[in-house]
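Subject: Structure handover

Hello,

The structure is below, followed by notes on what was found in it. Please read the notes with the coordinates open.

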Amino acid sequence: MVLFEKAPAKINLSLDVLGKSDDGHHDVEMIMTTIDLIDRIELHPLDYDLIEVTADNQYVPNDERNLAYKAADLIKRNYNITKGVYIKIEKHIPVSAGLGGGSSDAAAVLRGLNRLWKLNIPLHELAVLGVSIDSDVPFCVYGSTAIAKGQGEKIYYLPQPPPCWVVLAKPNIGVSTRTIFQQLRLEDIVHPNTEEIIDALHKKDFSLLCGNIGNVLEGVTLKLYPEAQRIKEKMTMYGALGVLMSGSGPTVFGLVEHESKAHRIYNGLRGFCHEVYVVRMFGHG
Ligand code: ATP
């Protein structure tokens, strides 16, 4: 029986770096929420010991470098599974965009194989397992809205943001997360006000939320890629209330209360930006 899993993209309402350990890992604090831009994952059971993966996107590898492959391999090795799986990925999330596409695919495979092979692994165990693939995988295992701490493996649910529209704009460049983190100077960081964002989520206060979202990687990426900076300025000029880069970028998102305004911003950006989307938060209809 073929099994299907949804793998939604995420945006960062905050991304903060609190420090760096001796082994080079960053101690992070990230508030993330899933959005209605979704990869579709098919899991076909194989009764022999093999992992196969295909993705319909030229920028995504069809071998053991695929994060979905790594997730299947992790489950097989940790739970001594000798059966196999063919993973078919229909990509809708832009690649190397800061939207966690690969991590979400990996998380969907962890959840899906847990079901397919009836392993009954609790979500928190899958999340801890997944952090060895990427720091965004634990959040993607849960989805919804949450704060991730540590290296990304400590997840605490938060209330959903107030209903709103998200305009996403990605310039025609891919960003390496590793490069951006390497260039981040801890002494230069201006920390976002994480507590205010959490307060805004509890109060469902759209303006308070928009006024406090923040990402410490933004300065690094926008300096390297001025086209992303220009998109940020345009999006603000067209009237999005909260405008921020997601993850390590280069995608910039704008939070907008009304659909008509979201489409006006979309139309304004479409002329000079490679990829533009209007979506809702995942679970807001
Ligand atoms: P992160 O910030 O976690 O790096 P991202 O959203 O910026 O995430 P992804 O779309 O996850 O970036 O892609 C990052 C890299 O991972 C790319 O080089 C891509 O080729 C590779 N990759 C491996 N597996 C996948 C997958 N299933 N989907 C997308 N990219 C994948």
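Two residues are counted as in contact if their C-beta atoms, placed from the backbone, lie within 7 Å. With that criterion, 23 residues of domain 1 are in contact with 30 residues of domain 2. Please keep in mind throughout that this is a predicted model.

Domains and their interface

The domain assignment splits the protein chain into domain 1 (3-157) and domain 2 (165-280). Their C-alpha centres lie 23 Å apart. On the side of domain 1 that touches domain 2, β1 (3-20) and β2 (26-46) each supply at least two residues. The largest share, nine residues, comes from β1. By class, that side of domain 1 has eleven nonpolar, eight polar and four charged residues.

Overall shape

The protein chain has ten helices and eleven strands. Its radius of gyration is 18 Å, close to the 19 Å given by the globule rule for 285 residues, so the chain is as compact as a globular protein of that length. Along the principal axes, the C-alpha trace spans about 55 × 40 × 35 Å. Of the 285 residues, 49% count as buried. Among contacts with a separation of 6 or more, 71% are between residues 24 or more positions apart.

Around the ligand

There are 24 residues around the ligand, and those that come nearest are Leu67, Gly101, Gly102, Asp105 and Thr177. The elements giving two or more residues to this shell are α1 (67-78) and α2 (101-116). Of the elements, α2 gives the most, with four residues. The shell divides into ten nonpolar, ten polar and four charged residues. Both domains take part: at least three residues of the shell come from each of domain 1 and domain 2.

UniProt annotations

The UniProt entry is unreviewed. It places "domain: GHMP kinase N-terminal" at residues 66-143. In the model, the end C-alpha atoms of that span lie 20 Å apart, and the span is 54% helix and 9% strand. The annotation "domain: GHMP kinase C-terminal", also from an unreviewed entry, covers residues 198-273. Here the end C-alpha atoms lie 32 Å apart, with 58% helix and 14% strand. A "binding site" annotation in UniProt, again unreviewed, covers Pro94, Val95, Ser96, Ala97, Gly98, Leu99, Gly100, Gly101, Gly102, Ser103 and Ser104.

Residues in the annotated binding site

Glycine 98 lies in the loop between β4 (84-90) and α2. It is buried, with 31 other C-beta atoms within 10 Å. Leaving aside neighbours within four places in sequence, glycine 98 is in contact with Val175, Met245, Ser246, Gly247, Ser248, Gly249, Pro250 and Thr251.

Two of those partners, Gly249 and Pro250, are worth opening in the viewer. Glycine 249 and proline 250 are joined by a cis peptide bond, with omega about 10°. Proline 250 sits in the loop between β9 (242-245) and β10 (252-256).

Glycine 100 also lies in the loop between β4 and α2, and is buried, with 28 other C-beta atoms within 10 Å. Apart from neighbours within four places in sequence, its contacts are Ala9, Lys10, Asp136, Cys140 and Gly247.

Serine 96 is found in the loop between β4 and α2. It has a positive phi of about 50° although it is not a glycine. Is serine 96 buried or exposed? A residue counts as buried if 20 or more other C-beta atoms lie within 10 Å of its own. Serine 96 has 20 such neighbours, so it counts as buried.

Two further residues

Lysine 118 is another non-glycine residue with a positive phi, near 45°. It lies in the loop between α2 and α3 (123-130). Lysine 118 is exposed, with 7 other C-beta atoms within 10 Å.

Methionine 32 has its place in strand β2. It is buried, with 27 other C-beta atoms within 10 Å. Beyond its neighbours within four places in sequence, methionine 32 is in contact with Lys10, Ile11, Asn12, Leu13, Phe139, Ala146 and Ala148. The C-alpha atoms of methionine 32 and valine 95 are separated by 18 Å, and the two residues are 63 residues apart along the chain.

Regards

Technical notes
Residues numbered from 1 in each chain as written. Predicted model: local features only at pLDDT ≥ 70, side-chain atom pairs only at ≥ 80, totals over all residues. Domains from an automatic or database assignment. Nonpolar A, V, L, I, M, F, W, Y, C, P; charged D, E, K, R; others polar. Near = placed C-beta within 6 Å. UniProt positions renumbered as here; feature names shortened; annotations may be inferred. Rg over C-alpha atoms; globule rule 2.2 N^0.38 Å. Buried ≥ 20, exposed ≤ 12 C-beta atoms within 10 Å, placed from the backbone.
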